[in-house]
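This report goes through side-chain pairs, one helix packing and a few single residues. The sequence and structure come first.

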Amino acid sequence: MTASRIRIGNTTASLRRTQAADLASRQAATTILSPEAVSGKVSAAKVLMTTIDGQARPITADDLRRFRSSIARVGENLRAGITPREALAMSRPIDLKRAKDEIKFAVPVLMHGNVLRLATDSGPASKASRHIVEVEFHNFTSAVARPATPQQAVAWLLSDTTIRFDCDCEAHRYWFRYVASIGGWAYGRQETGFPKIRNPQLAGCLCKHGVRAMSTLESLVVRRHVAKAIEQARAVLAKPGARTTAPVRATQHAADPATARRT
């Protein structure tokens, strides 16, 4: 059976709609467990339930202590990013398995500045036709300046440097965005509401789409896309007075071969 085509057009408009809906939902929420409530400085009476032991029950003072301990564990090595390999190593076995079984492809869509956008298929039970993962490379300007070919600079950038990332799926939003925010590797909107129902143990790091995206970063198709961005950035720097680099956009014609092989 051949894979379904991943359509890569209109990702910017799609992301804007998703992000606007996400923000509106977040602003309308009334049972957010805030940092002040987790710290015990204000009452958690309005957000009384948690599933930290597997079943929904009222939050206790001991739960708040356990929440603080989990937050401290995630933040032990707090820094501005995480490497792709570290993100994969921190992911739950179930998310690694779902990525392997359900998410077959991730293809580059756009490289704008130091942010790479990838589109993935969405899985057999999803209502969405695709999901968008964005990856920010902290060391992109260093890769541009390295005394190496674009291909050598890309190899270093994609394997050995830190990133921040985001996915537009609900799993990332409800399970992992808070973990990414306190860990220092959340790209885009930061989350301050503790996931008291979905992920009170703060387990994992990547959703299945994120797993597929991180696993694809060192692929030839991604390397070529990012290498082109490095080439363009170097060309701009070589021109006196030039300040900005145009986005590197993929075409549907270029993306289709990545999903053409049999799955």
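In this predicted model, the structure holds 2 aromatic pairs. One of them is formed by Tyr178 and Phe194, which meet edge-to-face with 5.4 Å between the centres and 70° between the planes. Tyr178 belongs to helix α8 (residues 170-183), whereas Phe194 is in the loop between α8 and α9, so the pair ties together parts that are 16 residues apart in sequence. Tyr178 and Phe194 are both buried. Ring pairs also bring in Phe67, giving a cluster of Phe67, Tyr178 and Phe194.

**Charges over rings**

Two arginines are placed over aromatic rings. Arg146 lies over the face of Trp156, 4.2 Å from the ring centre. Arg198 has its charged end over the ring of Tyr174, and here the distance to the ring centre is 4.6 Å.

**Salt bridges**

Side chains of opposite charge can pair when their charged atoms come close. With a cut-off of 4 Å between a side-chain nitrogen of Lys or Arg and a carboxyl oxygen of Asp or Glu, the count comes to 19 salt bridges. The table gives three of them, with the N to O distance for each.

| Basic residue | Acidic residue | N to O distance |
|---|---|---|
| Arg85 | Glu218 | 3.2 Å |
| Lys97 | Asp101 | 2.6 Å |
| Arg223 | Glu218 | 3.6 Å |

Which parts of the chain does the pair of Arg85 and Glu218 link? Arg85 and Glu218 form a salt bridge, and the pair links distant parts of the chain, 133 residues apart. Arg85 is in helix α4 (residues 84-90), and Glu218 is in the loop between α9 (208-216) and α10 (220-237). Arg85 has a relative accessible area of 48% and is partly exposed. Glu218 is partly exposed as well, at 34%.

Glu218 also meets Arg223 in a salt bridge. Arg223 is partly exposed, with a relative accessible area of 27%. Elsewhere, salt bridges that share partners join Asp22, Arg26, Asp166, Arg173, Arg177, Arg189 and Glu191 into one network.

The bridge between Asp101 and Lys97 sits within one helix: both residues lie in α5 (residues 93-102), 4 residues apart, which is about one turn of the helix. Asp101 is partly exposed, at 42% relative accessibility.

**Packing of α7 and α10**

The axes of helix α7 (residues 150-160) and α10 come within 9 Å of each other and cross at roughly 115°. The crossing is right-handed. On the α7 side, the contact is made by Pro150, Gln151, Ala153, Val154, Ala155, Leu157 and Leu158. On the α10 side, the residues are Val222, Arg223, Val226, Ala227, Ile230, Glu231 and Arg234. Arg223 thus appears twice in this account: in the contact with α7 and in the salt bridge with Glu218.

**Contacts between separate parts of the sequence**

Ile94 lies in helix α5, the helix that also holds Asp101 and Lys97. Ile94 is partly exposed, with a relative accessible area of 37%. Between Ile94 and Gly204 there are 9.5 Å in space, C-alpha to C-alpha, although the two are 110 residues apart in sequence.

Which residues does Thr83 contact, leaving aside its neighbours within four places in sequence? Thr83 is in contact with Asp160, Thr161 and Thr162. Its place is in the loop between α3 (61-74) and α4. At 12% relative accessibility, Thr83 falls under the 20% limit and therefore counts as buried.

**Positive phi values**

Two residues other than glycine have a positive phi. Is Asn10 buried or exposed? Asn10 is exposed, with a relative accessible area of 65%. This residue is in the segment before α1 (11-28), and its phi is near 60°.

Leu202 has a phi near 55° and lies in the loop between α8 and α9, the loop that also contains Phe194. Leu202 is buried, at 2% relative accessibility.

Notes. Residues numbered from 1 in each chain as written. Predicted model: local features only at pLDDT ≥ 70, side-chain atom pairs only at ≥ 80, totals over all residues. Heavy atoms only, no water. Helix = DSSP H or I, 4+ residues; strand = E, 2+ residues; numbered from the N terminus. Buried < 20%, exposed > 50% of the residue type's maximum accessible area, 1.4 Å probe, protein only. Phe/Tyr/Trp six-rings, centres within 6.5 Å; stacked < 30°, edge-to-face > 60°. Lys NZ or Arg CZ within 6 Å of the ring centre and 35° of its normal. Axes fitted to C-alpha atoms, helices over the stretch in contact; angles between N-to-C directions. Left-handed = near helix turned anticlockwise from the far one by under 90°. Contact = heavy atoms within 4.5 Å.
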